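Colleague: Could you take me through one part of this model in detail, the pairing at one end of the sheet and whatever packs against it? I would enjoy a connected account rather than a list.

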Amino acid sequence: MTFVITAGPTREPIDPVRYISNRSSGKMGYAIADAALDAGHDVILISGPVNLAPPRNTKFISVSTSDEMFDAVDQHADSSDICVLCAAVADYKPVEVSPVKIKKRAAQVSLELIPTCDILQSLGRRPDRKFLLVGFAAETDHLEANATKKLREKNCDIIVANDARIGMETDENELLILFRNGEMKKISRAPKTFLARELVKIFFKFATKKFDKKNVMITERT
């Protein structure tokens, strides 16, 4: 199978030296890419700025902004069997980007922000999509309720949720996995490398229940 995986943060520029971003390290997305490659799958990794080396034998696409990530995902999603949107895409971006550095001054400065493109929702709304759509939800409260809402609103097949206070900038995480058929699975705190292997198995198993682009049932590998 072919995986399209997004990882890391995006950076939404304010001026040539400042930007809006978040604490995503990209470790979970990169671990999933490694695990998928180890399992014999093809991987297209679309990554925001991180301090990680791309896995060998992957098609690697480096992006910075949410618009760049949107374009890359839009271009490659339909060629995938499993699309895993693990990246922490900024929710907002400045309306205007200053062409020069904004100087510090005593007066208050306000930034007008607008929502960024919703990559997950755009894929969920694609008619007759043939790929398994997996979203991620990093929350700080009401984990199950917020993840369930995201699963439904974005029309995903699977949502992988976690407490952002545990998973951000660490090598470990604990996961709550929700499926569109109502099933739910919890994975206790463990290294992200272990979690990634388990997730790839889950995604592959779920994807075997869907038809491939030739309407032939995908056969599970031994």
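**The E11–E12 end of the sheet**

Modeller: Happy to, and please keep in mind that this is a predicted model. Let's begin with strand E11, residues 172-179, which runs antiparallel to E12 and is joined to that strand by 6 bridges. Within this pairing, Leu178 of the one strand sits opposite Met184 in E12.

Stepping back, these two strands belong to an open sheet of 8 strands with mixed pairing, ordered E5-E4-E1-E6-E9-E10-E11-E12. Strand E12 (184-191) is at one edge and strand E5 (59-62) at the other; each has a single partner strand, so one side of each has no neighbour in the sheet. From one strand to the next, the twist averages 15 degrees.

Now for the helices. Helix H4, residues 143-153, lies across strand E9 (132-139), strand E10 (158-163), E11 and E12, and it runs at about 150 degrees to E10. Helix H6, residues 192-207, also packs on the sheet, where it touches strand E1 (2-7), strand E6 (82-85), E9, E10, E11 and E12. The direction of H6 makes about 155 degrees with that of E12.

H6 deserves a longer look. The largest nonpolar core has 36 residues, and Ile32 and Phe203 have the most contacts inside it. Helix H6 supplies the largest share of this core, with 9 residues. Setting aside neighbours within four places in sequence, Phe203 is in contact with Phe3, Ile82, Val84, Leu132, Val134, Ile158 and Val160. There is also a second, separate core of 25 residues, with Val63, Val73, Ala87 and Leu151 among them. As a general background to such clusters, nonpolar side chains tend to be buried together in soluble globular proteins.

Back at our end of the sheet, there is an aromatic pair to enjoy, and the count for the model comes to 1. The pair consists of Phe179 and Phe206, which are stacked, at 5.5 Å centre to centre and with 25 degrees between the planes. Phe179 lies in strand E11 while Phe206 lies in helix H6, so the pair ties together parts that are 27 residues apart in sequence. Both partners are buried: Phe179 has a relative accessible area of 8%, and Phe206 has one of 12%.

You may also wonder about the cysteines. The count of disulfides comes to 0. For Cys86, the closest cysteine sulfur is that of Cys83, at 12 Å, which is too far for a bond; Cys86 is buried, with a relative accessible area of 13%. Cys156 is in no disulfide either, as the nearest cysteine sulfur, again that of Cys83, is 9.8 Å away. Cys156 is buried too, at a relative accessible area of 1%.

Finally, a small pairing to set beside the one we started with. Strand E2 (residues 12-15) and strand E3 (residues 18-20) run antiparallel and are joined by 3 bridges. Glu12 has Ile20 in E3 as its bridge partner, and the two strands form a hairpin with 2 residues between them.

To draw your chosen part together: E11 pairs with E12 through 6 bridges, H4 lies across both strands, H6 touches both as well, and the stacked rings of Phe179 and Phe206 tie E11 to H6.

Conventions. Residues are numbered from 1 along each chain as its sequence is written. This is a predicted model: local features need pLDDT of at least 70, side-chain atom pairs count only at pLDDT 80 or more; totals for chains, interfaces and linings use all residues. Side-chain values use heavy atoms; hydrogens and water are left out. Two strands pair if DSSP finds at least two bridges between them. Helices (H or I, at least four residues) and strands (E, at least two) are DSSP runs, numbered from the N terminus. Axes are lines fitted to C-alpha atoms, for helices over the stretch in contact, and angles run from 0 to 180 degrees between N-to-C directions. Contact means heavy atoms within 4.5 Å. A nonpolar core is a set of buried Ala, Val, Leu, Ile, Met, Phe, Trp, Tyr and Cys residues joined through side-chain atoms within 4.5 Å. Buried means under 20% relative accessible area, exposed over 50%, partly exposed in between (1.4 Å probe, protein chains only). Rings of Phe, Tyr and Trp (its six-membered ring) pair if their centres lie within 6.5 Å; planes under 30 degrees apart count as stacked, over 60 as edge-to-face and the rest as tilted. A disulfide is a pair of cysteine sulfur atoms within 2.5 Å.
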